[in-house]
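User: I have a structure open and would like to learn how to read its features. Could you take me through it?

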Amino acid sequence: MRWLAPKTRDIRSSSSPARHHVAIHPFYQALALDTPAICCNGTYLYDYHAKKVLESDPMPVDKALSLTEMLNEHDIHGLMYVDDAMLYEQPTGHVIRTASWAQSLPVEQRPVFTQVDSLAQAAREVNAVWKFALTDEDTAKLQRFAQHVGQTLGLECEWSWHDQVDIAREGNSKGKRLAQWVASQGLAMQDVIAFGDNYNDLSMLEAAGTGVAMGNAVEEVKARRQRGDR
């Protein structure tokens, strides 16, 4: 995404990924970005160069533990994003594909994927649980599960792809975190140009002065931007 403050001609570019900060190395280095990254659908703001979290709203431990119980009950698997790593119990197709992508990167850019015996135990031991990224071949089952989680635990469920739902603390979104950061810089959201391609980008696209759906965006995102929905 990019934002512009016309009065000062202040043009800044940044990244607002659904990704963990350990998975943004190739993008930050290729684009030579010097602004913070909005990670895990707005769960936290990360200073890439200082290598530290600036602001965050991680998932409460009790909610994370309840969610792991529900995952076991419904036989759904995925990644739990924590501290400086991504954890999993079973190597699902999504985990295997993502880990394979990581192995294709230079060693110094590779994110950390760790298989654990218990996500619940890991949630008790880490400093922060950023989000869960869940996939299932049965997307209808995953949709029902996400709806159940939202109603039962009051967590934020956003789709980052047609077969992946991200679950984070209630209220977290790219749009909310972006607005907070823009305000802290003395800029206005009306001067922001945001680009996105998926459902979890909608809050950002609709909060920005100009929201642009990329060419590879899912059809719903394209349709909403064409209508100019706010």
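Analyst: We will go through the sheets, then the cysteines, then the cavity and a pocket. Keep in mind that this is a predicted model.

User: Let us start with the sheets. In what order do the strands of the 6-stranded sheet lie?

Analyst: Read a sheet from one side to the other, and do not expect the order along the chain. Here the order is S8-S7-S6-S9-S11-S10, in an open sheet with mixed pairing.

User: Which strands stand at the edges of that sheet?

Analyst: Strand S8 (113-115) and strand S10 (156-161) do. Each has a single partner strand, so one side of each is left without a neighbour in the sheet. As for the twist, neighbouring strands of this sheet are turned by 25° against each other on average, with direction ignored.

User: How do I follow S6 within this sheet?

Analyst: Take its partners in turn. S6 pairs with S9 in the antiparallel sense, over 6 bridges. Within that pairing, Gly-78 has Leu-134 in S9 as its bridge partner. S6 also pairs with strand S7 (residues 85-88), again antiparallel, over 3 bridges. There Met-80 stands opposite Leu-87 of S7.

User: What lies between S6 and S7 in their hairpin?

Analyst: The hairpin has 2 residues between the strands, and Asp-83 takes a positive phi near 25° in it.

User: Is S6 mostly covered or mostly open?

Analyst: In general, side chains in a regular strand alternate between the two faces of the sheet. To judge cover, look at each residue of the strand. For S6, 6 of its 6 residues are buried, so the strand is mostly covered, buried meaning under 20% relative accessible area.

User: How many bridges join S9 to S11?

Analyst: There are 4 bridges between strand S9 (residues 129-135) and strand S11 (residues 164-168), and the two run antiparallel. One pair to find is Thr-135 with its bridge partner Gln-164 in S11.

User: What is the order of the sheet of 3 strands?

Analyst: That open sheet has the order S3-S4-S5, with antiparallel pairing. Strand S3 (37-39) and strand S5 (52-56) are its edge strands, each pairing on one side only. Its neighbouring strands are turned by 30° against each other on average, direction ignored. Strand S4 (residues 44-47) is joined to S5 by 4 bridges, and Leu-45 stands opposite Glu-55 of S5.

User: Now the cysteines. How many disulfides are there?

Analyst: Check the distance between sulfur atoms; the cut-off is 2.5 Å. By this rule the count is 0 disulfides. Cys-40 is in none, as the nearest cysteine sulfur, that of Cys-39, is 6.1 Å away.

User: Why does Cys-157 form no bond with Cys-40?

Analyst: The two sulfurs are 15 Å apart, which is too far for a bond, although the sulfur of Cys-40 is the closest cysteine sulfur to that of Cys-157. The surroundings can be read as well: Cys-40 counts as buried because its relative accessibility is 0%, while Cys-157, at 23%, counts as partly exposed.

User: How many cavities of 30 Å³ or more are in the structure?

Analyst: A search of the whole structure finds 1. The largest cavity holds about 60 Å³ of space. To place a cavity, read its lining, which here includes Thr-68, Leu-71, Ile-76, Gly-78 and Leu-119. Helix H2 (61-74) and strand S6 (77-82) each supply at least two lining residues, and H2 has the largest share, with 3. By class, the lining has 3 nonpolar, 5 polar and 1 charged residues.

User: What lines the second largest pocket?

Analyst: Its lining consists of Thr-92, Gly-93, His-94, Arg-97, Thr-135, Asp-136, Glu-137 and Asp-163. The pocket holds about 180 Å³ of space. Helix H3 (residues 93-103) gives the most to this lining, with 3 residues. Its classes are 4 polar and 4 charged residues, with no nonpolar ones.

User: Is Thr-98 of H3 buried or exposed?

Analyst: Thr-98 lies in helix H3. Its relative accessible area is 18%, so Thr-98 counts as buried. For a check along the chain, take Ala-23: it is 75 residues from Thr-98 in sequence, and the C-alpha atoms of the two are separated by 10.0 Å.

Terms used. Residues are numbered from 1 along each chain as its sequence is written. This is a predicted model: local features need pLDDT of at least 70, side-chain atom pairs count only at pLDDT 80 or more; totals for chains, interfaces and linings use all residues. Side-chain values use heavy atoms; hydrogens and water are left out. On a 1 Å grid over the protein atoms alone, a cavity is a set of points where a 1.4 Å probe fits but cannot get out, and a pocket is an open set with protein on both sides within 12 Å along at least five of seven lines; lining residues have an atom within 4 Å of a point. Grid points are joined across faces, edges and corners, and a volume is the space filled by probe spheres set on the points. Ala, Val, Leu, Ile, Met, Phe, Trp, Tyr, Cys and Pro count as nonpolar, Asp, Glu, Lys and Arg as charged, and the others, Gly among them, as polar. Buried means under 20% relative accessible area, exposed over 50%, partly exposed in between (1.4 Å probe, protein chains only). Two strands pair if DSSP finds at least two bridges between them. Axes are lines fitted to C-alpha atoms, for helices over the stretch in contact, and angles run from 0 to 180 degrees between N-to-C directions.
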